[in-house]
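Thanks for making the time this morning. I would like to take you through one protein chain, going from the whole fold down to a handful of single residues, so please keep the picture in view while I talk.

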Amino acid sequence: MNSDIVLEAKSVSKFFGTITALDNVNLKITKGEVLGVVGDNGAGKSTLMKVLSGLYKPSEGSLYFSGDKVILNSPRDSQNLGLEMVYQDLALAGNLPIGDNIFLGREPIKKIGPFNFLDHKKRKKLTEKHLEKLKINVQSADQKVEELSGGQRQAVAIARATAFNAKIVIMDEPTAALAVKEVGKVLDLILNLKNLGVSVIVISHRMDDIFTVCDRVMALFQGTNFAESMLKDTSRNEVIGWIMGKKD
């Protein structure tokens, strides 16, 4: 196996009763690669990502992280391996500050005698350092998420996903609800993750997003692999055709 491959799905199928959501699907992504995954509604994109992130167990097939076969029993298992998922609804707590959201459930602790306390000073310092690393501009790490723009909220969700040495980040329609001027900032953030060596899987209906940040694109159609190409070797019209189940 290529030593640069950080995640691979081999012959993955997923059945829900008599319904086949995925049928013998293959996917792989290398270190620092941005992979676009496209397909019409019902093509199997979300189901595949839920399998990769440990939310669903595959009915058939195998998953490999850095060449090792793994069995994921929960999203926590995939997080422990370095895979994080940023869902379309972001799942942020609007009434909490940015730092609290980034470290929610994984807060830094300081020990005083037999007791453990939240280390607020360390959390703020780590938040500021991480935001700076990702080139995310906000007024303050203490700013509440509900005060942020849509693009800034998306950036905070990505910051949360990458705060614990993520190797792979899956993003579900990361620019779908954003104003045009904010789309570019999120795409720049994806390219910055690539430069940091993080692998990114982008699910998107927006061809502009795919052709701006992705190195490679794969299309699913009716739960199966349909087509795949390096971005430099294909065109928007060809990829749109794949989404509709058409090949030249």
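I will start with the overall fold, then turn to the cores, and finish with some individual positions.

Before anything else, please keep in mind that this is a predicted model, and that the values I quote are computed from it. The protein chain contains eight helices and 12 strands. Its C-alpha atoms fill a box of roughly 65 × 40 × 35 Å when the box is taken along the principal axes. Is that what one would expect of a compact globule, or not, given a radius of gyration of 19 Å? It agrees, because a compact globule of 248 residues would have a radius of gyration near 18 Å.

As for how the chain packs, 48% of the 248 residues are buried, and if we take the contacts between residues at least 6 apart in sequence, 64% of them join residues at least 24 apart. The exposed surface comes to about 12,500 Å², with carbon and sulfur atoms supplying 48% of it. On the charge side, there are 33 positive and 29 negative side chains, and the centres of these two sets lie 6 Å apart.

Now to the interior. The largest nonpolar core has 43 residues, and those with the most contacts inside it are Val38, Val86, Met171, Ile190 and Val200. There is also a second, separate core, of 27 residues, which includes Leu22, Ala43, Leu63 and Ile168. Coming back to Val86 from the largest core, and leaving aside its neighbours within four places in sequence, its contacts include Gln154, Ala157, Ile158 and Ala161, and also a run from Val169 through Ile170 and Met171 to Asp172. If you look at where strand 9 sits, at residues 168–172, you can follow that run on the picture.

Let me move to helix 1, which covers residues 45–52 and is mostly covered, with six of its eight residues buried. Which residues of helix 1 are buried? They are Lys45, Thr47, Leu48, Met49, Val51 and Leu52, and I would draw your attention to the lysine in that list.

Just after helix 1 comes Gly54, which takes a positive phi of about 90° and is found in the loop between helix 1 and strand 4, the strand at residues 60–65. Gly54 counts as buried because its relative accessibility is 4%, under the 20% cut-off. Setting aside residues up to four places away in sequence, Gly54 touches Leu72, Asn73, Ser74, Pro75 and Ser78. Its C-alpha is 8.8 Å from that of Gln79, although the two are 25 residues apart in sequence.

The partner on the other side is Leu72, in the loop between strand 5 (68–70) and helix 2 (75–81). Leu72 and Gly54 are 18 residues apart in sequence and 5.0 Å apart in space, C-alpha to C-alpha. Leu72 counts as buried, at 5% relative accessibility, and beyond its neighbours within four places its contacts include Val51 and Leu52 as well as Leu63, Phe65 and Leu81.

Two further loop positions can be taken as a pair. Glu173 and Gln222 are residues other than glycine, and phi is positive and near 50° for Glu173 and likewise near 50° for Gln222. Is each of them buried or exposed? Glu173, in the loop between strand 9 and helix 6 (180–195), counts as buried at 10% relative accessibility, whereas Gln222, in the loop between strand 11 (216–221) and strand 12 (224–230), is exposed, with a relative accessible area of 63%.

I will end with two buried residues. Asp209 lies in helix 7, residues 207–213, and counts as buried at 1% relative accessibility; outside its sequence neighbours up to four places away, Asp209 touches Thr175, Val183, Leu187, Ser204 and Cys214. Leu134, in the loop between helix 4 (120–133) and helix 5 (150–162), is buried with a relative accessible area of 2%. Apart from residues up to four places away in sequence, Leu134 touches Ala159, Thr162, Leu189, Asn192, Leu193 and Leu196, and although Thr162 is 28 residues away along the chain, the C-alpha atoms of that pair are separated by 9.3 Å.

Technical notes:
Residues numbered from 1 in each chain as written. Predicted model: local features only at pLDDT ≥ 70, side-chain atom pairs only at ≥ 80, totals over all residues. Heavy atoms only, no water. Helix = DSSP H or I, 4+ residues; strand = E, 2+ residues; numbered from the N terminus. Rg over C-alpha atoms; globule rule 2.2 N^0.38 Å. Buried < 20%, exposed > 50% of the residue type's maximum accessible area, 1.4 Å probe, protein only. Contact = heavy atoms within 4.5 Å. Areas by Shrake-Rupley, 256 points an atom, 1.4 Å probe, with all protein chains shown as cover. Lys, Arg positive; Asp, Glu negative; His and termini not counted. Charge placed at Lys NZ, Arg CZ, Asp CG, Glu CD. Core = buried A, V, L, I, M, F, W, Y, C linked by side-chain atoms within 4.5 Å.
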